[in-house]
Protein chains: 2
Amino acid sequence: MYTIEELRNCIKTELDKQEYVEAPVSLFEPIKYIMEDGGKRLRPVLALLAYNLYRDDVEKILKSVIGIEIFHNYTLLHDDVMDDAELRRGRQTVHKKWNSNVAILSGDAAAIIAYKMIEMVEDEYLRRAIDGFNQVAMDVCKGQQYDMEFETRDDVTEQEYINMIYLKTSVLIAGSIRHGALVAGAPEHEYKALYDFGGYLGLVFQLQDDYLDVYGDVAEFGKKIGGDILSNKKTYMLIKALELASPEDKALLKEWIVRKEFDPEEKIKAVTEIYNRTGIKEVVMAKIDNYMQKSREALDKVDVPEDRKVYFREMMDYIGSRKN
Amino acid sequence: MYTIEELRNCIKTELDKQEYVEAPVSLFEPIKYIMEDGGKRLRPVLALLAYNLYRDDVEKILKSVIGIEIFHNYTLLHDDVMDDAELRRGRQTVHKKWNSNVAILSGDAAAIIAYKMIEMVEDEYLRRAIDGFNQVAMDVCKGQQYDMEFETRDDVTEQEYINMIYLKTSVLIAGSIRHGALVAGAPEHEYKALYDFGGYLGLVFQLQDDYLDVYGDVAEFGKKIGGDILSNKKTYMLIKALELASPEDKALLKEWIVRKEFDPEEKIKAVTEIYNRTGIKEVVMAKIDNYMQKSREALDKVDVPEDRKVYFREMMDYIGSRKN
């Protein structure tokens, strides 16, 4: 059995071995660029943790789980074009460093590399592995579509929002865990329980992201606090505040949303105060706890010895209380 | 055995049955839009022809070959964004009718649908089917990258050009034929010969396209003659003219290429005259004949009774002499 740190190192070593660049260089350079800038490697780690519930020979599926990380980065590449994002993990996004065409085509190429690697599994698991990833990939597309549509809507409900982040974020996390379990030969009901577990964990992960944008510590979070507030991003916080705030605060919040000219610090401060008065911090923390509990229950349905689950529980604690 | 027309009808019937649109509608509407606008359905027809060399039950792989057509349309969707094309088959392109984000994301979704359908083959062929399409998809990306790079270069050689169109156009045609042969259980050497056959046929198809832009009949070609000339597209015609024209004509041609202000009709006429004086018509026709011959030789290596190949030969004649 491997610790999370050991699994992360296995992934890092394997990633360092990858040769992304062949001719035409300009197609592959951006893939190298986006893959080398780190990130938490959360999805392949989770896939290996799931595999490790059942089997110890994780090196057998390293390439396949690295495919998942490449898939994740492909979605970021295209999302950044669509959102016209400037920065990704503190570095220029591909379409800013090169241009949109490069980001579109390199993204397409990255998706193919991802599929190729994910498919490096034993024949007996191939059909379900690709079916699983086709479903995941389509759900991620749907999530991104809803996310874009929500930008121009001001009546997004809590349920719609949860569905959107489930599709956009959770499904890939769930699919990564399911993939690890699948290729380890997990029995059917555990394979499904682990998918549910990952789905709830993904919701925790994203709600935590929303939370940290407002209540995170700037030094630990690694990005500016209040970015979502400034861009009026429809996060869980904002949706719940629009629902639960007092009539006065609701009016004030809407005023801040439509205001074109403002001092950024002032807006962040004012909106955060509305959140504080409305008790949004407690609302989101309760929601996170709720999904955390559901993910725990799903993990309990997996009939492997408890000592096999220890690093999964550690990972849950990390995701549930992460600061960055 | 089925005639080309019968196979085309099978494909049409199956395509009509497809339900592309589910929630979120805005993600899937563009896929429906691009799929309903016809086209020759050349790739699925070729795949069925290859299957039909060996087996008669073409209905068994209809869904899989429709996946190929969807794949083809996904590449067109993204290419049109990258080339900022206005029209496709006489209708507005997706990114013009909607916007670039829609075209990128719907393209991504179309690719997933395509993969899902292509993979609807028997388990024994699954691994090779997906390996084959991953290779094809990556080659198409490479071809598109070269095509974009050639736009800003004025020293593209004939060999580079042929390699580019091979990757961008031929490989998918070859891959479609190979796919049909694979799932029909064709023996290894025939499977390879059919891939080569398709590769040469694809070159014929693209060179024919270049030729028709200059020497096509406007009524039959279905699009405006001279479009490539006006946009200085580096076609086989232009590359060979820059190589073979007299020093005076070469200078004149370069002048036309850099000129910013001109009467379109005048430019088309002048460049066509240079092509005529240089004998480019004969050069490209000889090249087409050469690849036609090579594709014939590849088809000869396929050891099925000659009467099984009759519609393939008919298809070759059609592609070799097509007017649109």
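Me: Okay, buried means under 20% relative accessible area, exposed means over 50%, and partly exposed is in between. Which of those is E122(B)?

Reply: Partly exposed, because its relative accessible area is 35%. Keep in mind that this is a predicted model.

Me: Got it. What does the side chain of E122(B) meet in a salt bridge?

Reply: The partner is K60(B), with 2.5 Å from N to O. The two sit in distant parts of the chain, 62 residues apart: E122(B) is in the loop between helix 6 (100–118) and helix 7 (123–151) of chain B, while K60(B) is in the loop between helix 3 and helix 4. K60(B) also counts as partly exposed, at 43% relative accessibility.

Me: Why do side chains like that pair up at all?

Reply: Opposite charges can pair when the charged atoms come close.

Me: How many salt bridges are there in the whole structure?

Reply: A search over all chains finds 58. One of them joins R313(A) and E306(A), at 2.7 Å from N to O. R313(A) is partly exposed at 21%, and E306(A) is partly exposed at 45%.

Me: What about E69(B) and R41(B), are they buried or exposed?

Reply: Both are buried. Their side chains meet in a salt bridge too, 3.0 Å from N to O. E69(B) lies in helix 4 (residues 62–83) of chain B and R41(B) in the loop between helix 2 (25–35) and helix 3 (42–52), so the pair ties together parts that are 28 residues apart in sequence.

Me: Which residues are linked in a network of salt bridges?

Reply: D79(A), D147(A), K168(A) and K233(A). D147(A) also turns up among the contacts of M164(A), along with G143(A), Y146(A) and F150(A), if you leave aside the neighbours of M164(A) within four places in sequence.

Me: Where does M164(A) lie?

Reply: In helix 8 (residues 158–183) of chain A. M164(A) is buried, with a relative accessible area of 3%.

Me: New topic: how does chain B lie on chain A?

Reply: A turn of 180° with a shift of 0.0 Å along the axis lays chain B on chain A, with an RMSD of 0.0 Å. That's a two-fold axis relation. Both copies use the same surface, as 100% of the contact residues of chain B recur in chain A.

Me: And which residue of chain B comes closest to the rotation axis?

Reply: That would be I104(B), whose C-alpha is 3.7 Å from the axis.

Me: How many residues does each chain put into the contact?

Reply: Chain B gives 36 residues and chain A gives 36 residues. Together they bury about 3,400 Å², and carbon and sulfur atoms give 64% of that. On the chain B side, L105(B), I112(B) and R127(B) lose the most area, together 18% of what that side buries.

Me: How many salt bridges go across the interface?

Reply: There are 4 between chain B and chain A. K142(B) and E22(A) meet in a salt bridge, at 2.9 Å from N to O. Counting polar contacts, you get 20 residue pairs between the two chains.

Me: Which helices of chain B supply at least two residues to that side?

Reply: Helix 2, helix 4, helix 6 and helix 7 each do. Helix 7 gives the most, with 14 residues. By type, the side of chain B that touches chain A divides into 21 nonpolar, 6 polar and 9 charged residues.

How values were computed:
Residues numbered from 1 in each chain as written. Chains lettered and ligands numbered in written order. Predicted model: local features only at pLDDT ≥ 70, side-chain atom pairs only at ≥ 80, totals over all residues. Heavy atoms only, no water. Buried < 20%, exposed > 50% of the residue type's maximum accessible area, 1.4 Å probe, protein only. Helix = DSSP H or I, 4+ residues; strand = E, 2+ residues; numbered from the N terminus. Least-squares fit on C-alpha atoms with pLDDT ≥ 70 in both. Contact = heavy atoms within 4.5 Å. Buried area = accessible area lost by both parts, 1.4 Å probe. Polar contact = N/O pair within 3.5 Å; in protein donor to acceptor, adjacent residues only side chain to side chain. Nonpolar A, V, L, I, M, F, W, Y, C, P; charged D, E, K, R; others polar.
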